[in-house]
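Visitor: Could you walk me through this protein, one question at a time? I would like to see how each answer is reached.

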Amino acid sequence: MVGFWSWTEGLAGVTNTVHSYDVDKRRWTRLHPAGDPPSPRAAHSAAAVGTMVVFQGGIGPAGHSTDDLYVLDLTNDKFKWHRVVVQGAGPGPRYGHCMDLVAQRYLVSVSGNDGKRVLSDAWALDTAQKPYKWQKLNPDGDRPSARMYGTASARSDGMLLLCGGRDASGTPLSDAYGLLMHTNGQWEWTLAPGISPSPRYQHAAVFVGARLHVTGGVLRGGRAIEGEGAIAVLDTAAGVWLDRNGIVTSRTLKSSNEHDASSDLLRRCRHAAASVGSQIYIYGGLRGGK
């Protein structure tokens, strides 16, 4: 796993340092890749493509968002930065967006903020076809509303799951949408069924099999989600939201008198998560909301 950014309450603390975490040895190592690195930034997006990690957009210390696309090549442990040359128009400068690799081929970037407004668009870049070009998608189906600070997670069969975020007024969102490309090349949005246990943004979400595991996040006003709501699972095969015990959730979570230390650990936001096999690894973030 590669970590790229640190976040402070302001933007003065953003960095462009790179760290690698060895899951087996449980050890962090700072990397010093060759090549020209991207500028310091935060609220950007990243996705793994084979032996590379692709980074898009973000916001820098001066408060300006960027539209560049960089690759950190990890081949044979020889770390090197490359700026990706893309032809034609693309998503443009943005931050607070989300991106993942769909069907092991398409980089899909969704929503975010361009510095003037919250966005609802979706773009795809075919990593198997050169020259690289962004394609603005015009999916069929139920389209998600504009949002930022949501998550986009790709299921193994090629579906992208957009979860949560906040709208232009700062209201946290509880919905989830699946984006899938059909065999004829047409993309389609589908509103995920079931009842989400809590609206949230600045959370983390990863798939383990067909289940999307959502952790942490914040509510309106930046208050951290706590208790049972800190962990939620969307079973995309059954079409239901589950709580941490695998029980189908109702619209209102009941508070438990039983103290759960694991829920306290996940009372955080702006963290990162990744799954390796059946294990989920969570790192960093802010405790207690803002």
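Guide: Happy to; what follows is a set of questions and answers on a predicted model.

Visitor: Let's begin inside. How many cavities of 30 Å³ or more does a search of the whole structure find?
Guide: Keep in mind that the model is predicted. The search covers the whole structure, and the number of cavities that reach 30 Å³ or more is one.

Visitor: How much space lies in the largest cavity?
Guide: Its lining includes C163, G164, L173, S174 and D175. Further along the chain, S196, P197, S198, R200, V214, A232 and W241 also line the largest cavity. The space in this cavity is about 60 Å³.

Visitor: How do the residues of that lining divide into nonpolar, polar and charged?
Guide: Among the lining residues are L173, V214 and W241, and also D175 and R200. Asp and Arg count as charged, while Leu, Val and Trp count as nonpolar. Over the full lining of the largest cavity, the division is six nonpolar, four polar and two charged.

Visitor: V214 makes me curious about the strands there. Which residue stands opposite V206 in β18?
Guide: Strand β17 covers residues 204-208 and strand β18 covers residues 211-215. The two run antiparallel and are joined by five bridges. Opposite V206, in β18, stands H213.

Visitor: And on the β19 side, which residue stands opposite H213?
Guide: β18 is also joined by five bridges to strand β19, residues 231-235, and these two run antiparallel. In β19, the residue opposite H213 is V233.

Visitor: Which residue takes a positive phi in the hairpin of β17 and β18?
Guide: This hairpin has two residues between the strands. The positive phi is near 65°, and the residue that takes it is G209.

Visitor: On to the aromatic rings. What is the geometry of the pair of F55 and W81?
Guide: The structure holds six aromatic pairs. For F55 and W81, the centres are 5.6 Å apart and the planes make an angle of 55°. Planes over 60 degrees apart would count as edge-to-face and those under 30 as stacked, so this pair is tilted.

Visitor: How many residues apart in the chain are F55 and W81?
Guide: F55 sits in strand β5, residues 52-56, and W81 in strand β7, residues 80-83. The pair thus links distant parts of the chain, with a separation of 26 residues.

Visitor: Are F55 and W81 buried or exposed?
Guide: The cut-off for buried is under 20% relative accessible area. F55 has 4% relative accessibility, and W81 has a relative accessible area of 4%. Both values lie under the cut-off, so F55 and W81 are buried.

Visitor: What is the geometry of the pair of Y70 and W81?
Guide: Here the ring centres are 6.3 Å apart and the planes stand at 90°. Because Y70 lies in strand β6, residues 69-73, and W81 in strand β7, the pair ties together parts 11 residues apart in sequence. Planes over 60 degrees apart fall in one class, so the pair of Y70 and W81 is edge-to-face.

Visitor: β6 and β7 have come up, so which residue stands opposite D73 in β7?
Guide: β6 and β7 pair in the antiparallel sense, over four bridges. Their hairpin has six residues between the strands, and N76 there takes a positive phi near 55°. The residue opposite D73 in β7 is K80.

Visitor: Is D77, in the loop between β6 and β7, buried or exposed?
Guide: D77 has a positive phi of about 60°, although it is not a glycine. Most residues other than glycine have a negative phi. The relative accessible area of D77 is 61%, and because the cut-off is over 50%, D77 is exposed.

Visitor: Which residues does G92 touch, leaving out those up to four places away in sequence?
Guide: G92 is placed in the loop between β7 and β8. Its C-alpha atom is separated by 7.4 Å from that of T66, 26 residues apart along the chain. The residues G92 touches are T66 and D67.

Visitor: Last one: which residues does the cis peptide bond with omega of about -5° join?
Guide: Most peptide bonds are trans. This cis bond involves P131, in the loop between β10 and β11, and the two residues joined are K130 and P131.

Technical notes:
Residues numbered from 1 in each chain as written. Predicted model: local features only at pLDDT ≥ 70, side-chain atom pairs only at ≥ 80, totals over all residues. Heavy atoms only, no water. 1 Å grid on protein atoms, 1.4 Å probe; cavity = no way out; pocket = protein on both sides within 12 Å on 5 of 7 lines; lining within 4 Å. Points joined across faces, edges and corners; volume = space filled by probe spheres on them. Pairing = 2+ DSSP bridges. Phe/Tyr/Trp six-rings, centres within 6.5 Å; stacked < 30°, edge-to-face > 60°. Buried < 20%, exposed > 50% of the residue type's maximum accessible area, 1.4 Å probe, protein only. Contact = heavy atoms within 4.5 Å.
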